[in-house]
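Trainee: Could you take me through the ligand site in close detail? I would like the contacts and the surroundings in one connected account.

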Amino acid sequence: MKILLTGASGMVGRNIQDHPSASEHDWLTPSSAALNLLDYRTVKQYFETHRPDAVIHAAGRVGGIQANMREPVRFLVDNLDMGRNVLIAAAETGVTRLINFGSTCMYPKDQQGALAEDDVLTGMLEPTNEGYALAKITVARLADYLGRENPQLQYKTVIPCNLYGPYDKFDPRWSHMIPAVIHKLHQAKQQGLDSVEIWGTGQARREFLYAGDLADAVMRALANFESLPSLMNIGLGHDYTVNQYYEIAAKVVGYQGGFHHDLSKPTGMQRKLSDTRRAAEWGWQPGHSLEQGLANTYQYYLNQL
Ligand SMILES: NC(=O)c1ccc[n+]([C@@H]2O[C@H](COP(=O)([O-])OP(=O)(O)OC[C@H]3O[C@@H](n4cnc5c(N)ncnc54)[C@H](OP(=O)(O)O)[C@@H]3O)[C@@H](O)[C@H]2O)c1
């Protein structure tokens, strides 16, 4: 297939291109400079010129809590506009297969138990990234509506949990938990420190999926498009405490010191876990253990150094 991959330079896009099965397809991978997804006329023209067989929409304005709180307008409008432009241009030019990326922030904030696909739009959203979440929900619903109006259009949304892996951002100013832990432990090893600080008690539980496993699910989706549910979580289905992430990462990095907790620092949300039963019924499960995923990510980090 000739596949348009938006967001090809991002963490998700790069892991998709690195997947062993990627070579079975021809990829269109324009940067935002070559194809600004915020401009509908440019997007439509691109689809008319290149006529992809399928689209993987992995572009987005993605950021942490601080950025989301500072710029809710940009997070809402940019993600909404990109999604709308890509989906409508695809539909108007007859592209029948499209995979859209959601996010677990689409789920209600006070959800009890694991987050299941049918829970979307059943409660209030987390206020710190509400704009981003509203855009993600709207684009996912748009994908669904387009398919309802024209059953030939198979426009599906996958909802990955938090990701880590190669191409993650390791700069402490922007990094998420796993790259921050790897960077901290690597530095502690280099400096011969005998203790590394963990914020809070470290008892909060987190679910992180190896980005190569998400790429694997996307490849499976391309080969089994009809059976892919229209909305499906792609997660690990189980979680680890923050302390466990530190312990396993320490083994991978080779840091042999101990840990201490700063209880004055915030721990964040206690738990957020995705329900992966739909993905399991579809026949997919993650292939990398946490140790393998961390080892690959650490190798990437060392190569970058
Ligand atoms: N990373 C995670 O933990 C995670 C978890 C759940 C869901 N997701 C979802 O997965 C998708 C990809 O995330 P990611 O982590 O790969 O993001 P990322 O690393 O921040 O990459 C964002 C991508 O979007 C592109 N982009 C931004 N604005 C654009 C524009 N105006 N026109 C064209 N392209 C534009 C960027 O292209 P340039 O570099 O060329 O500007 C870049 O390739 C997003 O929808 C995100 O919500 C990610």
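Mentor: Start with the backbone. An oxygen atom of the ligand sits 3.1 Å from a polar backbone atom of Gly-10. Val-12 also offers a polar backbone atom, 2.8 Å from an oxygen atom of the ligand. At Leu-37 the ligand partner is a nitrogen atom, and a backbone N or O atom of the residue lies 3.0 Å from that nitrogen. Keep in mind that this is a predicted model.

Now the burial. The ligand on its own exposes 900 Å², and the protein buries 83% of that area. Two helices each give two or more residues to the shell: H1, spanning 11–18, and H5, spanning 130–149.

Next, the shell itself. It holds 25 residues around the ligand. Ser-9, Val-12, Ser-32, Tyr-132 and Lys-136 are the closest. So Val-12 appears twice here, once among the closest residues and once through its backbone contact, with the pair inside the 3.5 Å cut-off for a polar contact. By class, the shell has 15 nonpolar residues, eight polar and two charged.

Follow H5 onward to the second largest pocket. Its volume is about 200 Å³. The lining counts 15 residues, with Glu-117, Val-120, Arg-141, Asp-144 and Leu-231 nearest the pocket centre. H5 and strand E5 (154–160) each give two or more residues to this lining. H5 supplies the largest share, five residues. By class, the lining has eight nonpolar, two polar and five charged residues. Helix H5 thus contributes to the ligand shell and to the lining of this pocket.

Note on methods
Residues numbered from 1 in each chain as written. Predicted model: local features only at pLDDT ≥ 70, side-chain atom pairs only at ≥ 80, totals over all residues. Heavy atoms only, no water. Near = heavy atom within 4 Å. Polar contact = N/O pair within 3.5 Å; in protein donor to acceptor, adjacent residues only side chain to side chain. Areas by Shrake-Rupley, 256 points an atom, 1.4 Å probe, with all protein chains shown as cover. Helix = DSSP H or I, 4+ residues; strand = E, 2+ residues; numbered from the N terminus. Nonpolar A, V, L, I, M, F, W, Y, C, P; charged D, E, K, R; others polar. 1 Å grid on protein atoms, 1.4 Å probe; cavity = no way out; pocket = protein on both sides within 12 Å on 5 of 7 lines; lining within 4 Å. Points joined across faces, edges and corners; volume = space filled by probe spheres on them.
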